[in-house]
Amino acid sequence: MFGALNRFIGRLDGEPQAQTAPHGAAGFQILRSTNKELALEPWFDFIIGINGRTLDNSDPNLFAAEVRNCGGSTISLGIWSAKGQKIKEIYAPIPVESPSLGLSLQWAPLSSTEDVWHVLEVAPNSPADKAGLLPYGDYIIGSPEGIVRGESGLPELIEDFLDQPLKLFVYNHEYNVTRPVELSPSRHWGGQGALGCTLGFGALHRIPAPLEEPPHGPGETMFDTSLDEKQALAAAPANTDFLVPANMQFDAPKAPAGPPVAKRERKVRHHASPNAEIDEYFREGEQKSREEDHAPSPKPGGPGVRPPPPKVGPPPKAASPAAKESE
């Protein structure tokens with residue numbers, strides 16, 4: 001009961017659910033393909049069904065005989081892909097003269113593609129860094145030096161090739177490409193580990209499905225900036241007058257004919273206090289209200305108008321009569 005409750009709480013918390021191959025399932029793994037019309041990838045794709053039936057026999061002769069019997073027609077193939085652990089169906093036309101698929105196959109369990117190591121972190125100047133391993137995007141899927149099986153398969157292979165060149169097959173998820181990588185494991189490069197990188201293994205480090213829009217590769221042009229200045233100005237909208245070459249000169253604008261129109265200048269206040277901005281706002285509102293009511297502007301010294309406040313300092317003293325006579 002507690003186990004079911006924990007699984008239910010885990011789903012509520014949004015924990016990632018690992019996708020793995022069906023237990024005990026197997027199929028014909030594609031090793032090589034000469035048929036360009038079939039969208040199949042070696043190592044990653046498995047044929048698990050044909051014409052709507054699941055393959056349960058590892059005898060390649062029976063599979064080849066069924067393909068020959070369909071010469072001149074189209075067959076359906078059930079494909080399991082290690083990229084994202086997804087199942088899809090494709091259709092393949094079989095020619096009459098040479099009824100074959102043009103594939104090299106081997107019977108293997110689907111779980112064999114789970115033996116991958118996810119490159120997480122790469123230390124600078126390490127053997128992995130010098131070999132060009134990319135963090136979080138690279139997956140080590142095998143080696144031509146031998147079969148690696150299980151979590152300890154790759155570490156054991158690395159120990160056998162200390163201070164020697166080791167070739168690895170590396171798949172990159174971001175660019176959806178597989179490439180060979182050669183490196184030299186060493187314990188004397190100056191850091192931890194023989195490769196100098198952190199590897200992830202297990203259900204949370206399976207190969208994900210490829211991206212629908214891979215990012216641009218190094219050196220590819222994302223924006224075309226080959227237009228000259230005239231073409232750029234012609235292609236720019238009419239109101240974008242700021243898109244002008246730096247060496248272009250303009251004449252000073254001429255004053256318009258007729259009497260100048262008085263414009264209200266807005267004073268720029270630097271570091272003004274909030275009270276000053278509020279006072280300015282109320283003064284503008286009061287002036288606008290007077291204009292709408294056609295109220296006359298108050299004159300200095302008029303009735304109902306208070307005199308201006310005195311300047312800073314005491315008011316000037318009145319001169320005595322003696323002082324006037326002395327002048």
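1. Strand 8, residues 138-142, is mostly covered in this predicted model. Five of its five residues are buried, where buried means under 20% relative accessible area.

2. Strand 8 belongs to an open sheet of five strands, in the order 10-9-8-7-11. The pairing in this sheet is antiparallel. As a general point, strands of a sheet pair through backbone hydrogen bonds, either parallel or antiparallel.

3. Which strands stand at the edges of the sheet? They are strand 10, residues 177-183, and strand 11, residues 197-200. Each has a single partner strand, so one side of each is left without a neighbour in the sheet. On average, neighbouring strands of this sheet are turned by 40° against each other, direction ignored.

4. On one side, strand 8 pairs with strand 7, residues 117-122. Two bridges join this antiparallel pair. Trp117 stands opposite Ile140 of strand 8.

5. Strand 8 also pairs with strand 9, again in the antiparallel sense, over four bridges. Ile140 has Val170 as its bridge partner in strand 9. Ile140 is therefore a useful residue to find on screen when tracing the sheet: Trp117 stands opposite Ile140, and Val170 is its bridge partner in strand 9.

6. How many bridges join strand 9 to strand 10? There are seven, and strand 9 covers residues 166-172. These two strands run antiparallel as well. Leu166 has Leu183 as its bridge partner in strand 10, the strand that stands at an edge of the sheet.

Conventions:
Residues are numbered from 1 along each chain as its sequence is written. This is a predicted model: local features need pLDDT of at least 70, side-chain atom pairs count only at pLDDT 80 or more; totals for chains, interfaces and linings use all residues. Side-chain values use heavy atoms; hydrogens and water are left out. Two strands pair if DSSP finds at least two bridges between them. Axes are lines fitted to C-alpha atoms, for helices over the stretch in contact, and angles run from 0 to 180 degrees between N-to-C directions. Buried means under 20% relative accessible area, exposed over 50%, partly exposed in between (1.4 Å probe, protein chains only).
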